[in-house]
Amino acid sequence: MTTSSVNYELASHVYPIGMRHTPEMIADLSCRAYEYRAHVLRMVHGAKSGHIGGAFSIAEVLTCLYFHQLRLDPANPGWPDRDRLVFSKGHACAILYTVLAHRGYFSVDELSTFRTMNTRLQGHPEPSKTPGVEVAAGPLGHGVAIGAGMALSARLDGSRRKTYVVLGDGELNSGVIWEGALVGAKFGLDNLVVIIDCNGVQQTGTTHHVMPTEPVADKWSSFNWHVIEIHGHNVSEILRALDEANEIHGRPVVIIARTTKGKGVSFMENSPAWHGGIPSGAQFESALAELEDGAAKWRA
Amino acid sequence: MESLIRNQIGNSASMRTAYGAALVELGQQRDDVVVLSADVQTSDFSYMFDAAFPDRFFNVGIAEPALVDVAVGFANGGKVPFANTFAFLFATRALEMVRTHLCYSGANVKLAGAYAGLSDSFDGPTHQTIADLAILRSLPNITIVVPADSMAVRKLLPQVAAWKGPVYFRLCRNDVPEVFTENYTPEIGKGVTLTQGEDASIIACGVMVARAIQATRQLAEQNIRVRVVEMHTIKPLDTELVVRCARETGAIVTAEEHSILGGLGGAVSECLSEFCPIPLERVGVHDTFTECGPYSDLLDKYGMSIESIVAATQQAVSRKADSTTLKSFEVSKR
């Protein structure tokens, strides 16, 4: 079982969609992102396997989505009119599971079963196993096309539900991403929001070295998507971008979140080694201390 | 029993016209059905659904991976999506999408594989599909259905829509001999015994069902009485019926418009070797790519002629006499 300093009452608090972004709300969500990173660190350290770097880079975005933006009912995960979140960068699922647990889909204690036999928290997300997970991911590149199908389905139902897709920037190497981008634009899916975790690093090196994808914004813009570019660890910018996405009509929206892989732990930041690296005991202690400092700064 | 099949086989009807019409009928019955195409709706005649229900038809372009993924999104929204492209593309280009989301996650997506077997005959081996059953059958949780004529398409399509979980529905491009009468009432997962006989059983699917029936009429003249089973569901295989045929007739021939590796022949072979080892002959493509040409001539040239079925049946029956049931290697290279 994990032990945690998180105050669960506070952690499960959801800021209603549409509310003003107060300094207290921004500080709280920022603080939680660090606390959730600490869970990820414990999970991967405990399982001796998993992906820390890409989980840390998307922590603020997922926290904002699940504790403010998404209309969900954790007591009724199959509620037909829920917003959809497609977590396309499936390898980073330790952060998804952490956020889902704190949102009330399952117990936070269950996080310690990550990647063990008989767990509901598989090495990569699987909807039939984990409450709150919408689609399987792991093989990369599926998110945009699946999200487009979800958005088309919502439109057919006359539903106002929205679909959010979280991509890694390495996924932009994959052809089906761009097939999905064409589909989203063809049908003018303004109920579809793709958020790209642009941390600039993939398994074997920087994205620039492995497969240059810049200018990312120009690419999506030329595919007729509305592009918003933000600092992906700045909660205030994330919340504003999600609001802006709600105001766009006739086109799908892509939010390019500029992030840091391994964000929050100095020796992990921007290092391909921490895409799938497992911390030693000493590294674990040192990383945990840094994350607790990160959270403490926002509590102050 | 005989009333399930027409006395005179030979009149042909277009399977794709039957498919298009059946889709439209399905669309009238169920408003949760949506149809997606990778820009082949004029090939497989799913355009008929587009004409009837334009709001529920989506052309995603020549993008088969996206075709399957978009369908997965629709299924998540509670729709029953029918994804349409050429059969070989589901089993090859879009296979990872099929494996991950349909087979592993159980997404309720229906794949309609057009132009299967050698039926896209003049387009040649790049478009022909001789390994789809083998590839897809290896994946857990998928159901594979192969209609044998236009009546079968009409009767099976609503069952495919109602079936819980992913289904691969394998379709022929061409006019197909009409086999069944209105009395034919197939049920997914259950083989249909079409003729009675005790000397051997021919287990066939798709267009080979008509050829199998024609073969039995030739064999009857030689006093070989053959049972024909239409195995429209390749997976899950009706193993109970296969084993019953093996026990009651002692020899089995499979006939399919597919490689003899891994499809219907493979499935029956696995079943027999485990539960009831008896002589088995497999009619199909013998592990080779084919070529372009007229459909019927191609089927004949690549091992799926009526004469091939007759010869295979004779061979199977003659092997019954050999108590070891082992087949000489030289004979197998005929």
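# Close-up views

**B:P236 sits in the loop between β12 (233-235) and α10 (239-249) of chain B.** The model here is a predicted one: local features need pLDDT of at least 70, side-chain atom pairs count only at pLDDT 80 or more, and totals for chains, interfaces and linings use all residues. Residue numbers start from 1 along each chain as its sequence is written, while chains are lettered from A and ligands numbered from 1 in the order in which they are written. The helices and strands named in these legends are DSSP runs counted from the N terminus, with H or I over at least four residues for a helix and E over at least two for a strand. As for the proline, the peptide bond joining B:K235 to B:P236 is cis, with omega at about -5°. Most peptide bonds are trans.

**Chain A has a cis bond to show as well, between A:E214 and A:P215.** Omega is about 0° for this one. A:P215 belongs to the loop between α8 (207-210) and α9 (216-222) of chain A.

**A:K48 and its positive phi: the angle is about 55°, and the residue is not a glycine.** Look for A:K48 in the loop between α2 (23-47) and α3 (53-57) of chain A. Most residues other than glycine have a negative phi. A:K48 is exposed, since just 9 other C-beta atoms come within 10 Å. The burial scale works on C-beta atoms placed from the backbone: 20 or more others within 10 Å make a residue buried, 12 or fewer make it exposed, and anything in between is partly exposed.

**B:N141 also has a positive phi, near 80°, without being a glycine.** Its home is the loop between α7 (132-137) and β6 (143-145) of chain B. B:N141 has 13 other C-beta atoms within 10 Å, so it counts as partly exposed.

**A:A94 lies in helix α5 (residues 93-103) of chain A.** It has 28 C-beta neighbours inside 10 Å and therefore counts as buried. Leaving out neighbours within four places in sequence, A:A94 contacts A:V40, A:M43, A:V44, A:G50, A:H51, A:A55 and A:F114. Contact means that the two C-beta atoms, placed from the backbone, lie within 7 Å. For a longer ruler, try A:A295: it is 201 residues from A:A94 along the chain, and their C-alpha atoms are 18 Å apart.

**An open sheet of 5 parallel strands runs β1-β2-β3-β7-β6 in chain A.** Its edges are β1 (84-87) and β6 (226-231), each of which pairs on one side only. Going from one strand to the next, the twist averages 20°, an angle between N-to-C directions (0 to 180 degrees) of axes fitted to C-alpha atoms. Two strands pair here if DSSP finds at least two bridges between them. β2 (residues 163-168) and β3 (residues 192-198) of chain A share 6 bridges, and A:T163 stands opposite A:L192.

**Strand β7 (residues 253-258) of chain A is mostly covered, with 5 of its 6 residues buried.** On one flank, 6 bridges tie β7(A) to β3(A) in parallel, with A:V193 opposite A:V253. A further 6 bridges connect β6(A) and β7(A), parallel again, and A:H231 faces A:R258. The chain gets from β6(A) to β7(A) by way of helix α10 (residues 235-246), a right-handed β-α-β crossover. Right-handed means that, with the strands pointing away from the viewer, the path from the first strand over the helix to the second runs clockwise.

**Where the chains meet, 23 residues of chain B contact 25 residues of chain A.** On the chain B side, α4 (64-76) and α6 (95-104) each supply at least two residues. The biggest giver is α4(B), with 9 residues. By type, that side of chain B has 11 nonpolar, 9 polar and 3 charged residues. Nonpolar covers Ala, Val, Leu, Ile, Met, Phe, Trp, Tyr, Cys and Pro, charged covers Asp, Glu, Lys and Arg, and polar takes the others, Gly among them.
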